[in-house]
Amino acid sequence: MEYKNILVEKEGSLAVVTINREKALNALNADIISELFAAWSELEDDKEIRAVILTGAGEKAFVAGADINELNKLDSIGGLEFANRGQSLFWKIENSELVTIAAVNGFALGGGCELAMACDIRLAADTAKMGQPEVNLGIIPGYGGTQRLTRLVGEGTAKLLIFTGDMVDGSEALRIGLVDRVYPAADLIEEAKKLAGKILSKGPAAITSAKRCVNMASNSTLDSGLKFEVTEFGAICATEDSKEGTAAFLEKRKPDFGGK
Ligand code: CAA
């Protein structure tokens, strides 16, 4: 499919999706949300693709939030629909079988920070600026920020960031657990690709199962999460990859995973 506001590049089992609206700092408007929905479905249907790096065009921004021109026109029902649509997309990304790495190359504010948080892993440039500045606009986060930020950084730090609207730089984002690694801006995409390559070299079913299990940890009690892990463990032990991975260890050779 042809996209106007995003770029989708495929390199083997990896796709790089770039939000490409640099003049508005890659702010998410309705068209971009629709194109990301379509791109995700396309990538999920492409059996070759197993990992996605999500980033923003240019050097300044990952995504500077939802489009404030659209926000300005919303009434109550419009606001509900707006938040639901963005949340559905981010839920789809978070629960996709694709491994997602956010390469936060600049401003990741409001919906941009929320998009990064819906990804599995966040790598940031040292020049990144992240935050939930919605209160400056007289609104609250609507694409999951109150929930995912609290789970990532804890209630006190989430309230601090959301109540003040303050931005944090890459090193502070790393310190509070909002991102997982920080790199010089020039190295960010290469580092993201290296990380994706490492993950792609593992047993594919093991990675998707591990993703389901870790996601479950944020959505369930310990008891039901542990039961879920037992079920997933049973299923993974029946795969050919589990036989290959364990046999390769015992035979002192590299595994050759077939993805079955
Ligand atoms: N929506 C629409 N346009 C935006 C935008 C946004 N979120 N962020 C930036 N832009 C536009 C600016 O209007 C400007 O356009 P023009 O050139 O046509 O005037 C262009 O991008 C460049 O921006 P600035 O001139 O403001 O650049 P700057 O370097 O001076 O400032 C910034 C950068 C601090 C990121 C500033 O642009 C800013 O504060 N942006 C808004 C950030 C924000 O509040 N995001 C949250 C949105 S609400 C939300 O996301 C709710 C939710 O949970 C879903």
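Q: What makes Lys-10 and Glu-42 a salt bridge?
A: In this predicted model, the closest N and O atoms of Lys-10 and Glu-42 are 3.3 Å apart. The cut-off is 4 Å between a Lys or Arg side-chain nitrogen and a carboxyl oxygen of Asp or Glu, so the pair of Lys-10 and Glu-42 counts.

Q: Which parts does that pair tie together?
A: Lys-10 sits in strand β1 (residues 6-11) and Glu-42 in helix α1 (residues 30-45), so the bridge joins parts that are 32 residues apart in sequence. Lys-10 and Glu-42 also belong to a salt-bridge network with Asp-46.

Q: Why is Lys-10 called partly exposed?
A: Its relative accessible area is 39%. Buried means under 20% and exposed means over 50%, so a value in between earns the middle label. Glu-42, at 25%, gets that label as well.

Q: What makes Lys-92 and Glu-44 a salt bridge?
A: Their closest N and O atoms are 3.4 Å apart, and the limit is 4 Å, so the pair passes. Lys-92 is in helix α3 and Glu-44 in helix α1, 48 residues apart.

Q: Why is helix α4 described as largely enclosed by the rest of the structure?
A: Eight of the eight residues of α4 (residues 111-118) are buried, so the description follows. Among them are Cys-113, Glu-114 and Leu-115, and buried here means under 20% relative accessible area.

Q: How do you know that salt bridges cross between domain 1 and domain 2?
A: The rule finds two of them across that interface. Domain 1 covers 6-200 and domain 2 covers 204-250. Take Arg-212 and Glu-97: their side chains meet at 3.5 Å, N to O, and that is within 4 Å, so they qualify. Arg-212 lies in helix α9 (residues 204-219) and Glu-97 in the loop between α3 and β5, 115 residues apart. Lys-211 and Asp-120 form a salt bridge too, with closest N and O atoms 3.0 Å apart.

Q: Why is Glu-97 called exposed or buried, and what about Arg-212?
A: Glu-97 has a relative accessible area of 54%; exposed means over 50%, so Glu-97 is exposed. Arg-212, at 35%, counts as partly exposed.

Q: How many residues are in contact between domain 1 and domain 2, and what area do the domains bury?
A: 13 residues of domain 1 are in contact with eight of domain 2. The two domains bury about 720 Å² between them, 48% of it on carbon and sulfur atoms. On the domain 1 side, Arg-50, Glu-97 and Arg-151 lose the most area, together 48% of what that side buries.

Technical notes. Residues are numbered from 1 along each chain as its sequence is written. This is a predicted model: local features need pLDDT of at least 70, side-chain atom pairs count only at pLDDT 80 or more; totals for chains, interfaces and linings use all residues. Side-chain values use heavy atoms; hydrogens and water are left out. Domain bounds come from an automatic or database domain assignment. Contact means heavy atoms within 4.5 Å. Buried area is the accessible area (1.4 Å probe) that two parts lose on being put together, summed over both. Buried means under 20% relative accessible area, exposed over 50%, partly exposed in between (1.4 Å probe, protein chains only). Helices (H or I, at least four residues) and strands (E, at least two) are DSSP runs, numbered from the N terminus.
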